[in-house]
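Visitor: I'd like to zoom in on a single part of this protein rather than tour the whole thing. Pick one strand, please, and tell me what sits around it.

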Amino acid sequence: MTAAQTGLGLRPPRERVDLRCRRWWTAQVAIWMVAPVPVLLVATFFTPVFVLVAAIWVVAAIAALVVVPRVRWAIHRWEATDQAIYSRSGLFWEEWRAAPLSRVQTVDKTRGPLQRLFGLATVVVTTASSKGAVRISALDADAAEEMVDRLTLLAEDDQRDAT
């Protein structure tokens with residue numbers, strides 16, 4: 001049976017991640033872009049050329065703070081059906097994944113400090129694939145908890161039917 005016949009082929013997922021992810025991604029960019037600023041400011045005292053480098057860095061940081069969250073919002077998608085979990089992510093290297101629930105080994109929810117601050121979570125679906133787990137970031141924490149419960153039950157039922 002082919003992927004097209006089973007409906008498990010790689011296709012665009014339908015769901016968007018939670019809108020709060022844009023603030024979360026903005027905070028991530030801010031942390032990474034602000035960290036080198038003190039070093040650049042100190043370096044300007046020793047070498048005047050670093051004034052230009054610092055100015056370019058500030059312009060790049062502002063552009064990244066505006067552009068990156070919006071582009072990531074446009075790219076990230078997910079979907080969980082009774083047969084599979086689908087995800088699409090990536091800013092520079094786009095990744096599309098489809099994992100049949102019959103291949104699921106574990107379903108987990110993770111939350112870093114910034115995610116907790118914004119009420120978000122990541123669902124990690126581990127399969128027997130050598131490619132690794134399917135990760136769906138930037139979900140509402142409560143919705144992620146419900147998805148973990150639902151996918152775990154569906155995967156258990158699917159594996160029980162297979163034996």
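Guide: Here is a close look at one strand and its surroundings.

First, some ground rules. This is a predicted model, in which local features need pLDDT of at least 70 and side-chain atom pairs count only at pLDDT 80 or more, while totals for chains, interfaces and linings use all residues. Residues are numbered from 1 along each chain as its sequence is written, and side-chain values use heavy atoms, with hydrogens and water left out.

The protein has six helices and seven strands. Both kinds of element are DSSP runs numbered from the N terminus: helices are H or I over at least four residues, strands E over at least two. Read from the N terminus, the order is α-β-α-α-α-β-β-β-β-α-β-β-α. There are 163 residues, and 34% of them count as buried; buried means under 20% relative accessible area, exposed over 50%, and partly exposed in between (1.4 Å probe, protein chains only). Among contacts with a separation of 6 or more, 55% link residues 24 or more positions apart, a contact being heavy atoms within 4.5 Å.

The strand I've picked is β7, residues 134-140. It pairs with β6 in the antiparallel sense over five bridges; two strands count as paired if DSSP finds at least two bridges between them. One of the matched pairs is A121 with its bridge partner L139 in β7. The hairpin of β6 and β7 has six residues between the strands, and G132 takes a positive phi near 105° there.

The partner strand is worth a glance too. Seven of the eight residues of β6 are buried, so "mostly covered" is a fair description of β6. β6 also pairs with β5 (residues 104-110), again antiparallel, this time over six bridges. Within that pairing, T106 stands opposite T126.

Back on β7, the oddity is A138, which lies in the strand. A138 has a positive phi of about 70° even though it is not a glycine. Most residues other than glycine have a negative phi, which is what makes that worth a second look. A138 is also buried, with a relative accessible area of 0%.

What touches A138? One contact is Q115, a residue of helix α5. Q115 is itself buried, at 5% relative accessible area. Leaving out residues up to four places away in sequence, Q115 touches W24, T110, L120, A121 and T122 as well as A138. With T122 there is something extra: the two side chains make a polar contact of 2.7 Å. By polar contact I mean a pair of N or O atoms within 3.5 Å; within protein, one must be able to donate a hydrogen and the other to accept it, and residues adjacent in sequence count only if both atoms are side-chain atoms.

Next, S137, also in β7. At 22% relative accessibility, S137 is partly exposed. The side chain of S137 makes a polar contact of 3.4 Å with the side chain of T122, so T122 has polar contacts with both S137 and Q115. Outside its neighbours within four places in sequence, S137 is in contact with V17, W24, A121 and T122. S137 and T110 are 27 residues apart in sequence, and their C-alphas are 9.1 Å apart in space.

W24 has now turned up twice, touching Q115 and S137. W24 is one of the buried residues of α2, along with C21, W25, A27, V29 and M33. The buried residues of α2 pack against β7 and β6, and also against α3 (37-46), α4 (49-75) and α5 (113-118).

Last stop: the largest pocket. A pocket here is an open set of points on a 1 Å grid over the protein atoms alone, with protein on both sides within 12 Å along at least five of seven lines, and its lining residues have an atom within 4 Å of a point. This one is lined by 14 residues, and H76, S89, R135, I136 and S137 lie nearest its centre. β3, β4 and β7 each give at least two residues to the lining, but the largest share, four residues, comes from β7. To sum up the strand, β7 holds the buried A138 and the partly exposed S137.

Methods. 1 Å grid on protein atoms, 1.4 Å probe; cavity = no way out; pocket = protein on both sides within 12 Å on 5 of 7 lines; lining within 4 Å.
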